[in-house]
Amino acid sequence: MNPYIQYMYSYPHKTAYRPMEGVDLKDWAGHLGGPGHGLYLHVPFCQGKCGFCNLFSVTGAGKEETEAYLDAVERQLGQYSQCLDPVGASFSSFTIGGGTPLLLTVRQLDRVFSMTGRYLKMEEGRDTVIETAPNQTEREKLKLLKAAGVTRVSMGVQSFHEGELKTLKRGHSAGRAREALKLLMSFEFPCVNIDLIYGIPGQRVETLLESVREAVEFGPREIFLYPLYVKHGVRLEQEGTVPEPELAYAQYKEASSFLRSEGFYQDSMRRFVRRETRQKNREFSDCGFSSSLALGCGGRSYLGNLHFCTPYAVTREGCLKELRTFAATGDFARITHGIRLSEDEVKRRYVIRHLLIRPGVEKEAYRQKFGGDLLEDFPLVLQWIREGLASEGEVGYVALTDRGIGLSDYLGPMLISRDVQKKMDQWEEAHGLGRTHGSLQGSLKKL
């Protein structure tokens, strides 16, 4: 069976979103009132498109195109500030993702930080996160990030083996990744994380472990292990690449075991954090209820039960179409594409967002939020407890076991509602894709 059905990093998936009318940011701005909110900026530009990438990004953009995009973002910031100033909105985190944000020039990166702070209230001591790639990790850009107070830098390395990088269609060499990491670590950012991929065709357990060991030696605070997904429309699919899920799962078990033996705490299926840097008593956070606002084209906003973003696009043509629409937008406060979650969907989002990340779901917090019992509302979770995939380990929490954590991409999709699944299927059928997330039938005994 295939344990890699779907990465449930958020719920519902963007393919469940639909066109909206009569929705305006100023009517929902109260959800961003006061402090403690998240801000996200999407930079949808890359030097090259990786073979597995189905993110909202395009290649071939020059300085003129990136400047025009930032001009549109600044217009968006100006209109958003008019909606948010009356409610006293302030942001405790700022994440810049992509794409490859460091593809921007030093001057453009400086503009991003300055215009964001000019239009929106950014809190002191905020978390500031940015993504980078080896080819774009340059000294002058890192100096700017350090001066801007960046607290976390995430680098997509994926592998330290040339053949595996070639298979993935990565634009950097293993040597360049090593140089970039050495430079990055010299700046002593509070947190650096390295992304690696397993399940690459031709990859063996031994070569994966070699990459993991080398990543550990650089001294990052966190390491992320991602299984290779080959989605519709990506280059690897066009070449007929088909991952071997059981081989990938065997690689995951070896790599995750190694990282735990090296003093890393496993926070989720993908995230491993050095124990000495992890807070001993992690503050409980209602992940499913936090509000965040997205800037640019491709990111999504969460305001209470309203989620919205630009229409989902994977192909270059689709992404370019949305970028043109974004640049021509006159009223950014008008929300035209998203979803309003019912009470049942809010519950599902809450459980998905907590159960797949340790320490899990706090039963009393769930009761206070929804007035019911977690295991009565979600008998499937009770079934997982009986099967050894989840447990009531930490006092008051329901969490996935080590085995359950490793099967997160198989278990998580089981919590998708019929209505959301139907919307996702309709989107895929409308785009000529058919159902991509596979069957949830099959025995876990083999795994």
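## Lining of the second largest pocket

In this predicted model, the lining of the second largest pocket is made up of eight nonpolar, ten polar and three charged residues. The pocket has a volume of about 460 Å³. Its lining comprises 21 residues, and those that lie nearest the centre are Thr-310, Thr-329, Phe-332, Arg-334 and Thr-336.

Four elements give two or more residues to this lining: helix H2 (63-84), strand S14 (306-309), helix H10 (316-327) and strand S15 (334-340). Strand S15 supplies the largest share, with four residues.

## The cavity

The structure contains one cavity of 30 Å³ or more. The volume of the largest cavity is about 30 Å³. Its lining consists of Gln-6, Tyr-7, Tyr-9, Ser-10, Pro-12, His-13 and Arg-300. By class, three of the lining residues are nonpolar, three are polar and one is charged.

## Strands S13 and S14

Arg-300, which is part of the cavity lining, also belongs to strand S13 (residues 300-303). In this strand, Arg-300 and Tyr-302 point one way, whereas Ser-301 and Leu-303 point the other way. All of these residues are buried. In a regular strand, side chains alternate between the two faces of the sheet.

Strand S13 pairs with S14 in the antiparallel sense, over four bridges. The bridge partner of Arg-300 in S14 is Cys-309. The two strands form a hairpin with two residues between them, and Gly-304 in the turn has a positive phi of about 60 degrees. Strand S14 is also one of the elements that give two or more residues to the lining of the second largest pocket.

## Helix H9 and its surroundings

Helix H9 covers residues 245-261 and has 17 residues. From its first C-alpha to its last, the helix reaches 24 Å, close to the 24 Å expected at 1.5 Å a residue. After H9 comes Gly-263, with a positive phi near 90 degrees.

Which residues of H9 are buried? They are Ala-248, Tyr-249, Gln-251, Tyr-252, Ala-255, Ser-256, Phe-258 and Leu-259. The elements that cover these buried residues include four strands and two helices, namely S8 (191-198), S9 (222-227), S10 (264-266) and S11 (271-274), together with H7 (205-217) and H15 (402-406).

## Cis peptide bonds

Gly-98 and Gly-99 are joined by a cis peptide bond, with omega at about 20 degrees. Gly-99 is located in the loop between strand S5 (90-98) and helix H3 (106-119).

A cis peptide bond also runs from Arg-358 to Pro-359, where omega is near 20 degrees. Pro-359 is placed in the loop between helix H11 (343-355) and strand S16 (361-362).

## Positive phi outside glycine

Gln-158 is a residue other than glycine with a positive phi, near 75 degrees. Gln-158 lies in strand S7 (residues 152-158). Is this residue buried or exposed? Gln-158 counts as buried because its relative accessibility is 8%, and the cut-off for buried is under 20%.

Lys-169, likewise a residue other than glycine, has a positive phi near 65 degrees. Its place is the loop between helix H5 (162-168) and helix H6 (174-186). Lys-169 counts as partly exposed because its relative accessibility is 23%, a class that lies between buried, under 20%, and exposed, over 50%.

Conventions:
Residues numbered from 1 in each chain as written. Predicted model: local features only at pLDDT ≥ 70, side-chain atom pairs only at ≥ 80, totals over all residues. Heavy atoms only, no water. 1 Å grid on protein atoms, 1.4 Å probe; cavity = no way out; pocket = protein on both sides within 12 Å on 5 of 7 lines; lining within 4 Å. Points joined across faces, edges and corners; volume = space filled by probe spheres on them. Nonpolar A, V, L, I, M, F, W, Y, C, P; charged D, E, K, R; others polar. Expected span 1.5 Å × (residues − 1). Buried < 20%, exposed > 50% of the residue type's maximum accessible area, 1.4 Å probe, protein only. Contact = heavy atoms within 4.5 Å. Pairing = 2+ DSSP bridges.
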